[in-house]
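Hi everyone, thanks for coming. I'd like to walk you through a structure that may be new to you, so please have a look at it first.

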Number of protein chains: 2
Amino acid sequence: MTAPLQLSRRERQIMEILYRRGRATAAEIHQDIADRPSYSAVRAHLRSLEDKGHVRHEAEDLRYVYSPTGQPAKARKSALAHLVTTFFEGSPARAAAALLDSRSARLSEEELDHLSGLIEKARKEGR
Amino acid sequence: MTAPLQLSRRERQIMEILYRRGRATAAEIHQDIADRPSYSAVRAHLRSLEDKGHVRHEAEDLRYVYSPTGQPAKARKSALAHLVTTFFEGSPARAAAALLDSRSARLSEEELDHLSGLIEKARKEGR
DNA sequence: AACAGCCTGCTAAAAAACTAGCACATCCGG
DNA sequence: CCGGATGTGCTAGTTTTTTAGCAGGCTGTT
């Protein structure tokens, strides 16, 4: 039974920060939130997210450090899949192409090599 | 002055369907919504989205056909950027690598060729 | 013309999200 | 030992979101 991804705006903001940082205290999250609400509000949301099972905390150094319960890998994959179906007609290739677009990002030599390698691998497996 | 993406949960659902389909009637959107609300509710949201400038409609065949106002390309780019910073530490290369992962999708020969081409191009421009 | 079917606009009210602030605990420096 | 700084739990209130349903328009059919 996986957590039913139906988060509100604030909850999503918080989850995203957590995914980005891996783990964070309420104060850190509060800091990171763009449209900053009250510290209190953040804490309340964290508790609520914990209730719903999206987040867990461990006491550390007198305060709580929160982290997402879901495996980051899973979350990543699911987010990618969602984006691909929403914006790229379900085609991962198109999404990848958009990422490779040189206008938006320049990749290092190593990264390019790595990607080439992946493509080669895909070629072999496809055959 | 572009529309400030501050949508509620339902509004987001609707916008995503619109991006996915390009254009759709209220009934079609209603159909597509996972956690289905009332038809009436969908129409209300559409009107509200139109007020906020996220959506436009044209009368067609006695009913309204809605479509996103924003350029799809812009939306795509922004969604990608957001996802990359949230889940891939800001590295487009890692995101691309995830997309190429053969376990999640097998790409056609043509797609692979195309991607190789893009990588080559990036190599040249990087130099 | 009267009706059913499908559509829109609108509004009031229910539901959910969001928030502030209090009460209480711990730690630390004076 | 006493305040200030920082933390949490909780609860009640406000604001926003989400919803249903009414009123009415247009079409085509009988």
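**Two DNA strands and two protein chains**

Let's begin at DNA strand C, which has 16 residues around it, the closest being Ser8(A), Ser38(A), Ser40(A), Leu62(A) and Arg47(B). Of the strand C atoms that come within 4 Å of the protein, 60% are accounted for by sugar and phosphate. Please keep in mind throughout that this is a predicted model.

Which elements build the surface near DNA strand C? At least two residues each come from helix 1 (9-21) and helix 3 of chain A, and from helix 3 and strand 3 (63-68) of chain B. Helix 3 of chain A gives the most, with five residues. Sorted by class, the surface near DNA strand C holds six nonpolar, four polar and six charged residues.

Now for some individual contacts on strand C. Ser38(A) has a polar side-chain atom 2.2 Å from a phosphate oxygen of DNA strand C. Tyr64(B) also faces a phosphate oxygen of that strand, with a backbone N or O atom at 3.3 Å. Arg47(B) reaches a base instead: a polar atom of its side chain lies 2.8 Å from a base nitrogen of DNA strand C.

Let's move over to DNA strand D. Here, 16 residues are around the strand, and those that come nearest are Arg47(A), Ser8(B), Arg10(B), Ser38(B) and Ser40(B). Among the atoms of DNA strand D within 4 Å of the protein, 61% belong to sugar or phosphate, and the rest belong to bases.

Which side chains have a polar atom by a base nitrogen of DNA strand D? One is Arg43(A), where the distance is 3.1 Å. Another is Arg47(A), with an N or O atom of its side chain 2.9 Å from a base nitrogen. On the phosphate side, a backbone N or O atom of Tyr64(A) sits 3.3 Å from a phosphate oxygen of DNA strand D. Two or more residues of the surface near this strand come from each of helix 3 (39-51) and strand 3 (63-68) of chain A, and helix 1 (9-21) and helix 3 (39-52) of chain B. Helix 3 of chain B has the largest share, five residues. By class, the surface near DNA strand D divides into six nonpolar, four polar and six charged residues.

So how are the two protein chains related? Chain B superposes on chain A by a rotation of 179° with 0.1 Å of shift along the axis, at an RMSD of 0.2 Å. That is the relation of a two-fold axis. In chain B, Ala96(B) has the C-alpha nearest the axis, 2.5 Å from it.

The chains also touch each other: 46 residues of chain B are in contact with 45 residues of chain A. About 4200 Å² is buried between them, and carbon and sulfur atoms give 68% of that area. Phe87(B), Leu99(B) and Arg123(B) supply 16% of what chain B buries against chain A, more than any other three residues. Why can we say that the copies meet through the same surface? Because 98% of the interface residues of chain B are also interface residues in chain A.

Finally, a look at chain A as a whole. Chain A is divided into domain 1 (9-68) and domain 2 (72-126), and the centres of these two domains, taken over C-alpha atoms, are 29 Å apart.

Terms used:
Residues are numbered from 1 along each chain as its sequence is written. Chains are lettered from A and ligands numbered from 1 in the order in which they are written. This is a predicted model: local features need pLDDT of at least 70, side-chain atom pairs count only at pLDDT 80 or more; totals for chains, interfaces and linings use all residues. Side-chain values use heavy atoms; hydrogens and water are left out. Domain bounds come from an automatic or database domain assignment. Copies are superposed by least squares on the C-alpha atoms of residues with pLDDT of at least 70 in both. Contact means heavy atoms within 4.5 Å. A residue is near a molecule or strand if one of its heavy atoms lies within 4 Å of it. A polar contact is a pair of N or O atoms within 3.5 Å; within protein, one must be able to donate a hydrogen and the other to accept it, and residues adjacent in sequence count only if both atoms are side-chain atoms. Helices (H or I, at least four residues) and strands (E, at least two) are DSSP runs, numbered from the N terminus. Ala, Val, Leu, Ile, Met, Phe, Trp, Tyr, Cys and Pro count as nonpolar, Asp, Glu, Lys and Arg as charged, and the others, Gly among them, as polar. Buried area is the accessible area (1.4 Å probe) that two parts lose on being put together, summed over both.
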